[in-house]
Each structure stands twice: as structure tokens, then as C-alpha cells.
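The following exercises are meant to be worked through with the sequence and the structure in view. Each task is followed by a solution in steps.

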Amino acid sequence: MSGTRRTPIARPPVAQITARAVDLFVAMGKLRCTCPPPPPEYWKRKMCAGCDRWYELHAELNDELGCKPWEWPCVARQSPKRAGSPAWNEDIAARMAMLDDAARARRTASHRSKSGPPMPPSLTRR
Ligand SMILES: [Zn+2]
């Protein structure tokens, strides 16, 4: 039995899903798009605050997941099918599914450990 196999991995099977990556992914999912319909002059088109923020968080998530610069976008704003380059769409879908799973697992975990209201009502009203 030889324990040293020096065959390099051609392609890392999964990205590293960190807690921070899940944070970013969840935050991105909560952003609302309020873009107005695009004007005919596409160069005048401006992104809404939600989209702006999405791309900011996306850049961080890209770093966090250790995605290569050409793996862009690393997750999709809408559906992975329309993410961008068809070559990456499968990877993007897999990545989003993993992040989704991680987020859901964390939600159920925090739900179970929750004992009491998150914030006393007196703090939300004044
Ligand atoms: Zn928008």
C-alpha cells in the first residue's frame, strides 16, 4: 500500500464553503432589485442599490470561495441557467446548491438552539 500519490488533482471537485461564504450568499439573496426598466440608451443604464451591493458582495464571495478570475460570475444573480458563460453554468448551479444547503443547514441549526425571542420588544419600540 503506497500512501503517496503524487497525481495532481485536475480539478478541485468542490469549492470551500466557509461560514463567511454562507453569510455573503444569504445576504446576497436578501437584496431586492429595484432597477427601473432599462432606457433605450444602454450606456445610461444604472444599477439600483440592490444590484450594486450584490456585485460588491459577489466580489467578496468570489474571493472567499477561491474562485478563479475567469470563473465569473461564481454564482448567479437570478437563475444559474442565465448566469453567463454556458461553460460555467453547471459549476455555478453546483456552487449555488452547496451554498443553499449550507445556509439551510445553518438555519435549522440556529432555529433548534434558539431559546426565546431574539430581541425584547422593548428594544424595537420607543
Ligand atoms: Zn437592480
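**Exercise 1. The end of a helix**

Which residue follows α2, and what is the sign of its phi?

Solution. The model examined here is a predicted one. In this model α2 is followed by Gly 66. The phi of Gly 66 is positive, near 70 degrees.

**Exercise 2. The chain as a whole**

Determine how many helices and strands the protein chain has, and how its confidence is distributed.

Solution.
- Step 1. The protein chain has four helices and zero strands, and along the sequence its pattern reads α-α-α-α.
- Step 2. The mean pLDDT of the chain is 79, with 69% of the residues at 70 or more.
- Step 3. Among the elements, α1 has the highest mean pLDDT, 95, while helix α4 (residues 121-124) has the lowest, 56. Where pLDDT is low, the predicted coordinates should not be read in detail.
- Step 4. Of the 126 residues in the chain, 16% are buried. Among contacts with a separation of 6 or more, 44% join residues 24 or more positions apart.

**Exercise 3. The faces of α2**

Describe the span of α2 and find where its buried and exposed residues lie.

Solution.
- Step 1. α2 has 16 residues, and from its first C-alpha to its last it reaches 22 Å, close to the 22 Å expected at 1.5 Å a residue.
- Step 2. The buried residues of α2 are Trp 54, Leu 57, His 58, Leu 61 and Glu 64.
- Step 3. Viewed down the axis of α2, these buried residues fall within an arc of 115 degrees, so they line one face of the helix. An α-helix has 3.6 residues a turn, so residues three or four places apart point the same way.
- Step 4. The exposed residues Ala 49 and Tyr 55 are carried on the face of α2 turned away from its buried side.
- Step 5. The cover over the buried residues of α2 includes α1.

**Exercise 4. The largest nonpolar core**

Identify the residues with the most contacts inside the largest nonpolar core, and the elements that supply this core.

Solution.
- Step 1. The core has 14 residues, and those with the most contacts inside it are Ala 21, Leu 24, Phe 25, Leu 61, Cys 74 and Val 75.
- Step 2. Two or more residues of this core come from each of α1 (19-30), α2 (49-64) and α3 (86-113).
- Step 3. The most is given by α1, with five residues.
- Step 4. Ala 21 touches Leu 61, Glu 64, Leu 65 and Leu 99, if residues up to four places away in sequence are not counted.

**Exercise 5. Two residues outside the helices**

Is Ile 17 buried, partly exposed or exposed, and where is Met 47 found?

Solution.
- Step 1. Ile 17 is found in the segment before α1. Ile 17 counts as partly exposed because it has 17 C-beta neighbours inside 10 Å, whereas a buried residue needs 20 or more.
- Step 2. Apart from neighbours within four places in sequence, Ile 17 is in contact with Val 22, Met 98, Leu 99 and Ala 102. Ile 17 and Leu 65, 48 residues apart in sequence, are 6.6 Å apart in space, C-alpha to C-alpha.
- Step 3. Met 47 is found in the loop between α1 and α2. With 13 other C-beta atoms within 10 Å, Met 47 is partly exposed.
- Step 4. Leaving aside neighbours within four places in sequence, Met 47 is in contact with Cys 35 and Asp 52. From C-alpha to C-alpha, Met 47 and Cys 33 are 8.7 Å apart in space, and they are 14 residues apart in sequence.

Methods
Residues numbered from 1 in each chain as written. Predicted model: local features only at pLDDT ≥ 70, side-chain atom pairs only at ≥ 80, totals over all residues. Core = buried A, V, L, I, M, F, W, Y, C linked by C-beta atoms within 7 Å. Buried ≥ 20, exposed ≤ 12 C-beta atoms within 10 Å, placed from the backbone. Contact = placed C-beta atoms within 7 Å. Expected span 1.5 Å × (residues − 1). Arc of directions from axis to C-beta. pLDDT = per-residue confidence, 0-100.
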